[in-house]
Each structure stands twice: as C-alpha cells, then as structure tokens.
Amino acid sequence: MVAPFSRVDAKGSDMEKATLKVKGMACGHCEIAVQDAVRSLSGIKKVKANQRKGEVVVAYDPAMVTKEHISQAINDTGYQVV
Ligand SMILES: [Cu+2]
C-alpha cells in the first residue's frame with residue numbers, strides 16, 4: 001500500500017508509546033524473540049521486552065502500524081498478550 005503523500009516525519013513526532021502485558025516470556029531468549037517479532041513490522045521505532053515484568057514497551061508510528069498488529073505479531077510468535 002503506497003499513499004500518494006507518505007511523508008514520514010524523520011523526527012518521529014507522531015510516535016506513540018504502548019506498554020503491552022505479555023505472558024509466557026521466561027528468559028532472555030524470549031525477550032529477543034518477542035523483540036524480533038515486533039521489529040519485523042514496519043513503523044516500529046523502538047521495542048524493549050522485559051520478561052521479569054512481563055512487559056513489552058513499544059514506540060511506533062500509528063500511521064504505519066497499530067497496537068493490534070503488534071499484539072498479533074507477539075501472539076504469532078507463541079507468547080500471549082493479555
Ligand atoms: Cu525463554
């Protein structure tokens with residue numbers, strides 16, 4: 001999908017931040033698996049998974065990706081967004 005005017009602000013002023021509660025992460029490899037899954041989406045600026053807290057913090061461009069897409073990617077990797 002290509003929008004005629006897809007001027008993305010390089011500074012990312014329209015970035016949104018979300019903290020997702022994720023079940024099933026048990027070690028550092030899980031954190032990396034979740035981060036890789038989220039990073040594979042377009043519009044992701046930053047992702048940090050924390051298995052001890054069971055949280056994934058994501059900074060993303062809401063014009064390119066939604067929280068639902070992000071949750072879906074995590075669920076598809078075998079973890080569970082709650
Ligand atoms: Cu693990």
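## Overview

Of the 82 residues in this chain, 21% count as buried. Please keep in mind as you read that the model is a predicted one. The chain holds two helices and four strands, and, starting from the N terminus, its elements follow the order β-α-β-β-α-β.

Contacts that reach far along the sequence are well represented here: among contacts between residues at least 6 apart in sequence, 62% join residues at least 24 apart.

## The sheet

Let's start with the strands. The four of them form an open sheet in the order β2-β3-β1-β4, and the pairing is antiparallel. At the edges stand β2 and β4, each with a single partner strand, so one side of each has no neighbour in the sheet. As a reminder, strands of a sheet pair through backbone hydrogen bonds, in either a parallel or an antiparallel way.

Strand β2 (residues 44–50) and strand β3 (residues 55–60) run antiparallel and are joined by six bridges. If you would like to trace this pairing in the structure, Lys46 has Ala59 in β3 as its bridge partner, while Lys48 stands opposite Val57 in β3. Four residues lie between the strands in the hairpin of β2 and β3, where Gly54 takes a positive phi near 65°.

## The helices over the sheet

Each helix lies across three strands. Helix α1 lies across β1, β2 and β3 and runs at about 165° to β2. Helix α2 lies across β1, β3 and β4, and its angle to β1 is about 30°.

How do the helices sit relative to one another? The axes of α1 and α2 come within 9 Å and cross at roughly 135°. That angle makes α1 oblique to α2, and the crossing in which α1 passes α2 is right-handed. Where they meet, Val34, Ala37 and Val38 come from α1, and Ile70, Ala73 and Ile74 come from α2.

## The two sides of α2

Helix α2 covers residues 67–76, and its buried residues include Ile70, Ser71, Ala73 and Ile74. These four lie on the same side of α2, because they cover an arc of only 160° around the axis. The general rule behind such patterns is that an α-helix has 3.6 residues a turn, so residues three or four places apart point the same way.

The buried residues of α2 pack against β1, α1 (28–39), β3 and β4 (80–81). On the other side of the helix, Glu68 and Asp76 are exposed. Just after α2 comes Gly78, which takes a positive phi of about 110°.

## A look at Lys23

Lys23 belongs to strand β1, which spans residues 16–23. Is this lysine buried or exposed? Lys23 is exposed, because it has 10 other C-beta atoms within 10 Å, and a residue counts as exposed at 12 or fewer.

Which residues does Lys23 touch, leaving aside those up to four places away in sequence? They are Gly54, Tyr79, Gln80 and Val82. You have already met Gly54 as the residue with a positive phi in the hairpin of β2 and β3. Finally, Lys23 and Gln51 are 28 residues apart along the chain, and their C-alpha atoms are separated by 8.5 Å.

Terms used. Residues are numbered from 1 along each chain as its sequence is written. This is a predicted model: local features need pLDDT of at least 70, side-chain atom pairs count only at pLDDT 80 or more; totals for chains, interfaces and linings use all residues. A residue is buried if 20 or more other C-beta atoms lie within 10 Å of its own, exposed if 12 or fewer, and partly exposed in between; C-beta atoms are placed from the backbone. Two residues are in contact if their C-beta atoms, placed from the backbone, lie within 7 Å. Two strands pair if DSSP finds at least two bridges between them. The arc is that of the directions from the helix axis to the C-beta atoms. Axes are lines fitted to C-alpha atoms, for helices over the stretch in contact, and angles run from 0 to 180 degrees between N-to-C directions. Angles under 35 degrees count as roughly parallel, over 145 as roughly antiparallel, 65 to 115 as roughly perpendicular and the rest as oblique. A crossing is left-handed if the near helix is turned anticlockwise from the far one by less than a right angle, and right-handed if clockwise.
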